[in-house]
Amino acid sequence: MEQVSLRLKFDNKIILAPMVRVGTLPMRLLALDFGADIVFTEELIDYRLLKCQRFTNKILGTIDYIDDDENIVFRTCSKERNKVVLQMGTCDPGRALVVAKMVEKDVAGIDVNMGCPKEFSIKGGMGAALLKQPDKVYNILSTLVRGVSCSVTCKMRVLPELEDTIALAKLIESTGVAALTVHGRTKEERPQHQNRTHVIQAVAAALSIPVIANGGSGEISCYSDIEKFRRATNASSVAIARQAEWNCSIFRPEGKLPLDEIILAYLKYAIDYDNNVINTKYCIQQMLGSLQETLRGKAFLNAQQVHEICELWGMKEYLQTKQKEFEDRAEKLRKLHAR
Ligand code: FNR
């Protein structure tokens with residue numbers, strides 16, 4: 001009988017790219033609602049996850065990975081189970097595998113970050129530091145591919161020379177990964193630098209696995225631009241970061257929605273999944289951009305508590321109803337356990 005593969009497919013997809021602090025559960029669910037096919041988590045460092053324990057949160061209906069200091073390092077739920085890819089920061093195949101085994105039943109894929117240019121990553125031998133260590137890249141990815149049942153992918157930046165980029169991409173492909181995301185900028189380049197569409201195109205032509213084009217937010221301002229970017233790179237799929245950070249409805253085929261609607265929908269998910277208020281505030285701040293200068297923007301910047309933020313968008317009642325629902329559920333569970 002033909003084996004039916006449950007693995008995630010990466011061709012012809014529009015994807016929420018990984019973003020630290022932005023790619024937490026409310027934003028991922030919002031991106032899926034608007035039409036994203038696959039959502040990446042923010043980068044989670046392997047040794048942070050290693051310190052976590054997995055809990056089933058019966059009040060919220062989530063799976064939580066919580067560290068010793070009770071920080072929720074990763075929260076997910078069944079709604080995204082088949083579409084969420086956990087991005088890992090790692091420089092060690094053994095550690096990467098332990099973490100991947102720990103989370104594999106809760107996610108559809110594991111991605112290794114080989115593009116982060118931040119000092120923290122480079123000093124730790126992670127992110128873009130891996131671009132110069134093909135042996136380690138091979139080891140990490142092939143260990144993961146052999147060791148886990150879900151899809152394994154990788155996200156890289158381009159190297160200064162085209163041949164080097166292609167050689168590394170081919171080495172990555174040889175590990176058996178399901179797809180490769182290519183951000184068309186070098187480790188040194190920043191968003192204001194031109195994204196190297198032609199390099200992504202050359203990588204896509206050289207590989208057989210799906211290549212996910214990234215770095216196009218500067219040239220994507222509406223839904224149809226996503227396909228234009230895909231065609232320009234001749235890649236299989238597109239991953240979007242900044243445009244989604246500013247207005248997540250970029251994934252909507254019918255067109256973008258006004259910012260207030262996005263913030264309301266985001267806040268609803270933040271309440272439903274009891275998102276950390278600091279994270280909620282950060283994400284809304286990214287959406288507001290220059291609107292932080294308005295009267296409401298200023299009031300928002302002063303807000304410290306989730307109820308203060310909710311009040312500004314007329315969501316206080318919704319918050320109270322949900323909080324009451326959570327308390328009732330918690331009480332029921334306490335009684336059940338006391339029996
Ligand atoms: C990022 N990026 C990023 N990349 C990654 O591999 N892991 C991560 O955790 C992050 N974090 C992150 C946070 C924020 C706020 C931004 C804006 C970006 C890089 C991102 O995934 C993407 O490669 C670049 O932003 C280029 O794509 P866009 O923005 O042109 O679509």
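A nonpolar core, as I use the term here, is a set of buried Ala, Val, Leu, Ile, Met, Phe, Trp, Tyr and Cys residues joined through side-chain atoms within 4.5 Å. I am working on a predicted model.

**Entry: the core**

I looked up the largest nonpolar core and found 105 residues in it. Which of its residues touch the most other members? They are Leu180 and Phe251. I then asked which element gives this core its largest share. Helix 10 does, with eight residues.

I followed Leu180 outward, leaving aside residues up to four places away in sequence. Leu180 touches Cys154, Met156, Ala169 and Ile172. It also touches Val203, Leu207, Ile209, Pro210, Val211 and Ile212. I noted a general point beside this: in soluble globular proteins, nonpolar side chains tend to be buried together.

**Entry: helix 10**

I turned to helix 10, residues 259–272. I checked its length against the rule of 1.5 Å a residue. The 14 residues should span 20 Å, and the end C-alpha atoms are 20 Å apart, so the two agree.

Next I listed the buried positions of helix 10. They are Leu259, Ile262, Ile263, Tyr266, Leu267, Tyr269, Ala270, Ile271 and Asp272. What do these buried residues pack against? I found helix 1, helix 9 (242–246), helix 11 (277–288), helix 13 (306–312) and helix 14 (316–338). After helix 10 comes Asp274, and its phi is positive, near 45 degrees.

**Entry: the barrel**

I traced the strands that close into a barrel. There are eight, in the order 1-2-6-7-8-9-10-11, and their pairing is parallel. Neighbouring strands of this sheet are turned by 25 degrees against each other on average, direction ignored.

I looked at one pair more carefully. Strand 2 (residues 38–45) and strand 6 (residues 84–89) run parallel and are joined by five bridges. In this pair, Ile45 stands opposite Gly89 of strand 6.

Then I looked for helices on the barrel sheet. Helix 8 (residues 223–233) packs on it and touches strand 1 (14–16), strand 10 (211–214) and strand 11 (237–240). The direction of helix 8 makes about 125 degrees with that of strand 11. Helix 3 (residues 93–103) lies across strand 6 and strand 7 (109–114). Helix 3 runs at about 155 degrees to strand 6.

**Entry: the open sheet**

I also found an open sheet of three strands in the order 3-4-5, with antiparallel pairing. Which strands are at its edges? Strand 3 (53–57) and strand 5 (72–77) are, each pairing on one side only. The twist averages 20 degrees from one strand to the next.

Strand 3 and strand 4 (residues 62–66) run antiparallel, joined by five bridges. Here Arg54 stands opposite Tyr65 in strand 4. Helix 1 (residues 25–34) packs on this sheet and touches strand 4 and strand 5. The direction of helix 1 makes about 30 degrees with that of strand 5. I had already met helix 1 as a packing partner of the buried residues of helix 10.

**Entry: the whole chain**

I counted elements last: 14 helices and 11 strands. The C-alpha atoms fill a box of roughly 60 × 50 × 45 Å, taken along the principal axes. I compared the radius of gyration with that of a compact globule of 339 residues, which would be near 20 Å; the chain has 20 Å, so it agrees.

Buried residues make up 53% of the chain's 339 residues. I also checked contacts between residues at least 6 apart in sequence: 67% of them join residues at least 24 apart.

Technical notes:
Residues are numbered from 1 along each chain as its sequence is written. This is a predicted model: local features need pLDDT of at least 70, side-chain atom pairs count only at pLDDT 80 or more; totals for chains, interfaces and linings use all residues. Side-chain values use heavy atoms; hydrogens and water are left out. Two strands pair if DSSP finds at least two bridges between them. Helices (H or I, at least four residues) and strands (E, at least two) are DSSP runs, numbered from the N terminus. Axes are lines fitted to C-alpha atoms, for helices over the stretch in contact, and angles run from 0 to 180 degrees between N-to-C directions. Contact means heavy atoms within 4.5 Å. The expected span of a helix is 1.5 Å times one less than its number of residues. Buried means under 20% relative accessible area, exposed over 50%, partly exposed in between (1.4 Å probe, protein chains only). The radius of gyration is taken over C-alpha atoms; the globule rule is 2.2 Å times the number of residues to the power 0.38.
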